[in-house]
Every structure is written in C-alpha cells, then in structure tokens.
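Hello,

Here is the structure we talked about handing over. Please open it alongside this note; what was found in it follows below.

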There are 2 protein chains.
Amino acid sequence: MRADAQKNYAHILTVARDVFTEQGADASIRDVARKADVGLGTLYRHFPTREALFEALLRSSFNTLERRADELQSLEPADQAIVTWLREIVEIACSLRGVIAAMVAAIEEPDSALHASCVTMKASGTRLLERAQAQGLARSDMDGADLFALVGALTWIQDQPSLAGRGERLFGIISGAILLGGAV
Amino acid sequence: MRADAQKNYAHILTVARDVFTEQGADASIRDVARKADVGLGTLYRHFPTREALFEALLRSSFNTLERRADELQSLEPADQAIVTWLREIVEIACSLRGVIAAMVAAIEEPDSALHASCVTMKASGTRLLERAQAQGLARSDMDGADLFALVGALTWIQDQPSLAGRGERLFGIISGAILLGGAV
DNA sequence: ACCTGAACACCGTTCAAGT
DNA sequence: ACCTGAACACCGTTCAAGT
C-alpha cells in the first residue's frame, strides 16, 4: 500500500471509532468521510461495506479474545472459564453500540466481512461450553448456537440506554441459567 | 373525523401492517404512503411519528394482553402465570419485527406514542412477578424492570433471522432462570 | 377539514475524471 | 495507484397551496 493510502486508511479508522462511539453502528458513513477529510470514494475503496469498517475496528479485540479463549480452555473450573469468556465477548461487542445485530447476521452470511471473526468466536464458545457440559457443569440441552444467541441477547441489553445499569444483574441471571451449579 | 379521513386512516394502517411485516419496523414511511396511495402529508397528519404508527398497529394486542394479565393474576400456580404472560407479550412484540427497540426506549420517553402501552405492560409483568416472588416461586433478586429487559432480550432473539428456530429453547432457558422451581 | 406534493436537507453507492 | 466529488436514487419531515 502506498504511503498516502496507508495514512488515509489509519485516519479513517480513527475517525470512524469516534463517530461510531458517539452515534452507534448505524452512524452516517458520509459523515465519517467528511470528518476524516477524505473523499467518499476513498472511504469506499478501503472499506467497501459498513461491515468491513466494523471488522477493522474490532479485529484486534477479536484476536485477543481468541488467544484468551485458548487460555481459558485449560482453566479450571470449566464453568468459571465460560463465564469469564462470556463477560469478555460481551464487553467487546458492546464497545461498538449496535454492532451485535451485524455480528449475529454475519454468522449466516459467508460474504460478510464479519463472518470469519464471528464463526471463530462462536467456535471458541462452543468448545468452552462442551467442556463444561462434559464435566456436568453446564446444562446439556443447549449448543454453541444457543450460547452465541445468548451473547447477542446480553449485548443487546447492554446496548439499550433505557436499560443502563441492569446489565450486570441480567448477566448473572442469564449466565447462571447456562450453568448447573446455580448462582455465578 | 370526516368520512374520507377515516377511510385514509384505516387504509394507511392496513398497508403499513403489510409493509412492516415484509420489511421490518425500519421500513420506509414514504413507501407506506406510496403504497397506500395517499400524500405524504396525509400519512404524517394521521401518524406524526413512526411510533404513532406502531402504537396504532399494536393497540388491540396491547389491550387484549392487559385483560389477559388480569386473568393470569389469579391463575395458579403463579410461576405458570408469569411464563404464560411472557410467552404472549413476546409473541405480540415479535409480530412487528424490530419494534422491540422502540418499545424498550419508550419506557423512558414520556412523549413517545408507545410510552403508555409499555409502562402499562411493564406494570402487569411486575405484578405477576411480585406475586410469584411472594409465593417463593420466582427469584427475589430481580424486579419488574429486569423482567421487562428479559422480554426485550427474548424478543430480540426471535427477531434475528439467523437465530430462527432457537426461540423456543432459549425462551425455556431464560424463563427458567426467573423461576425457582427449575425447568419450565 | 382535510389532502397533496414540491421543497429541503439529508443518506448510501458508483464511477468518470483527475493527480 | 490512489483520490475526488458530482451524479443518481433514495430517505424523513415540513408546509404552502389547493379542494
């Protein structure tokens, strides 16, 4: 990539993070280009879809979480590992308010820029769940797709301004429902 | 209301139901006016906001649910009453895909056309929850606002096409977490 | 009393023209 | 190789002019 292009790429991301943080995931792409002082075409060249922008903004978080999931896979007890993972993925998804709908949709859209990250993330969760189930620590009547849906639901709750402050309690209630031991 | 106005009002609602059913709650208002063969101003005169359209479309369902909640209040056992209520409110909210976000936001927006319905609905749920709690059938560490948030989460899950088919199982898991008896 | 649609200020996306 | 912004087809909302 040419030096000027690289600079534009990085600068667009910085501005996009600000705009999305302020206005949520459905903020105006045009507004991002305007605030970044680049032509609309330049933004579209680097990020052909809104999802491509999301992916670039979340990539490092996704990567960190992936390594973390590997660590957690050998952490005992298995139920605590899954709750810790849940807490971390929900926090990442919340960092870009409203992006969770795109992430959940991406699971069944192979062409989405978010597809690979979300499939990987879902697979990590599935492994953690299956280990807890094998040890009798998680309910056996659910699968990785259900866990992924619960990540969506928890994140959605956190995203709603009118539900502010209830996230922690509801996290406890829902994550407690996955486990067999009882309270978290 | 003049006869022609009344006819327009009813016809807009019929068309709006079709358009929202097909495209979800964020469908184009302009498109509704176009398909109803009325001027844009006519639509805005009858329904000054998108929420006013939602409210009119859901009003009879809300009213039915309100009467139903009164019945359920004296239905034994109290835990079964709350689960039945949950099932019915989630089904109503799902009938207009995507409207749940507006409903949850309306709780803290007194000027929203959806405010009164949602406050009433939340109050019904709270009464049912408190009765179950008094009988030791529901966990005591949550309140009506938490229950309302769970209605939101359950409806959101049902709204996501990529999570189709998991609604029933997740309903069981989450509603089971509210109750103390265990499985639903 | 009610209806209409032009007008305004936006938006996402594409692509010919420039450097 | 990359950037620009006009052009196109939309959108929500308002309001003067009509019946």
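**Salt bridges**

A:Asp141 counts as partly exposed, because its relative accessibility is 39%. Its side chain meets that of A:Arg139 in a salt bridge, with 2.8 Å from N to O. Keep in mind throughout that this is a predicted model.

The structure holds 27 salt bridges over all chains. Side chains of opposite charge can pair when their charged atoms come close. A few pairs are worth a look.

Take B:Arg68 and B:Glu88. They form a salt bridge, and the closest N and O atoms are 3.1 Å apart. This pair links distant parts of the chain: B:Arg68 sits in helix 4 (residues 50–73) of chain B, while B:Glu88 sits in helix 5 (residues 78–94) of chain B. The two are 20 residues apart. B:Arg68 has a relative accessible area of 26%, so B:Arg68 is partly exposed. B:Glu88 is at 24% relative accessibility and therefore also counts as partly exposed.

There is a network too. A:Asp143, A:Asp146, B:Arg166 and B:Arg169 are joined into one by salt bridges that share partners.

Now a pair within one helix. A:Glu55 forms a salt bridge with A:Arg59, and the closest N and O atoms are 3.0 Å apart. Both lie in helix 4 (residues 50–73) of chain A. They are four residues apart, about one turn of the helix. Is A:Glu55 buried or exposed? A:Glu55 counts as buried, because its relative accessibility is 15% and the cut-off for buried is under 20%. A:Arg59 is at 35% relative accessibility, so A:Arg59 counts as partly exposed.

**DNA strand D**

22 residues surround DNA strand D. The closest are A:Asn8, A:Gly39, A:Thr42, B:Arg30 and B:Tyr44. Of the strand D atoms within 4 Å of the protein, 58% belong to sugar or phosphate. The rest belong to bases.

Three polar contacts to check:

- A:Gly41: a polar backbone atom is 3.0 Å from a base oxygen of DNA strand D.
- A:His46: an N or O atom in the side chain is 3.5 Å from a phosphate oxygen of DNA strand D.
- B:Ile29: a polar backbone atom is 2.9 Å from a phosphate oxygen of DNA strand D.

Which elements give two or more residues to the surface near DNA strand D? In chain A they are helix 1 (3–23) and helix 3 (40–46). In chain B they are helix 2 (29–36) and helix 3 (40–46). Helix 3 of chain A gives the largest share, five residues. By class, this surface near DNA strand D divides into eight nonpolar, seven polar and seven charged residues.

**DNA strand C**

DNA strand C is surrounded by 22 residues. The closest are A:Ile29, A:Arg30, B:Asn8, B:Gly39 and B:Thr42. Sugar and phosphate make up 58% of the strand C atoms that come within 4 Å of the protein.

Three contacts reach phosphate oxygens here:

- A:Tyr44: a polar side-chain atom lies 2.8 Å from a phosphate oxygen of DNA strand C.
- B:Thr42: an N or O atom in the side chain is 2.8 Å from a phosphate oxygen of DNA strand C.
- B:His46: an N or O atom in the side chain is 3.5 Å from a phosphate oxygen of DNA strand C.

Helix 2 (29–35) and helix 3 of chain A each supply at least two residues of the surface near DNA strand C. Helix 1 (3–23) and helix 3 of chain B do so as well. The largest share, five residues, comes from helix 3 of chain B. The classes near DNA strand C are eight nonpolar, seven polar and seven charged residues.

**Core**

The largest nonpolar core has 136 residues. Those with the most contacts inside it are A:Leu53, A:Trp85, A:Met103, B:Leu53, B:Trp85 and B:Met103. What does B:Trp85 touch, not counting residues up to four places away in sequence? Its contacts include B:Leu65, B:Ala69, B:Leu72, B:Met121 and B:Leu147.

Last, B:Thr126. This residue lies in helix 7 (residues 115–134) of chain B. Its relative accessible area is 18%, so B:Thr126 is buried. Leaving aside neighbours within four places in sequence, B:Thr126 is in contact with B:Gly144 and B:Leu147.

Best regards

Key:
Residues numbered from 1 in each chain as written. Chains lettered and ligands numbered in written order. Predicted model: local features only at pLDDT ≥ 70, side-chain atom pairs only at ≥ 80, totals over all residues. Heavy atoms only, no water. Near = heavy atom within 4 Å. Polar contact = N/O pair within 3.5 Å; in protein donor to acceptor, adjacent residues only side chain to side chain. Nonpolar A, V, L, I, M, F, W, Y, C, P; charged D, E, K, R; others polar. Core = buried A, V, L, I, M, F, W, Y, C linked by side-chain atoms within 4.5 Å. Buried < 20%, exposed > 50% of the residue type's maximum accessible area, 1.4 Å probe, protein only. Contact = heavy atoms within 4.5 Å. Salt bridge = Lys/Arg side-chain N within 4 Å of Asp/Glu carboxyl O.
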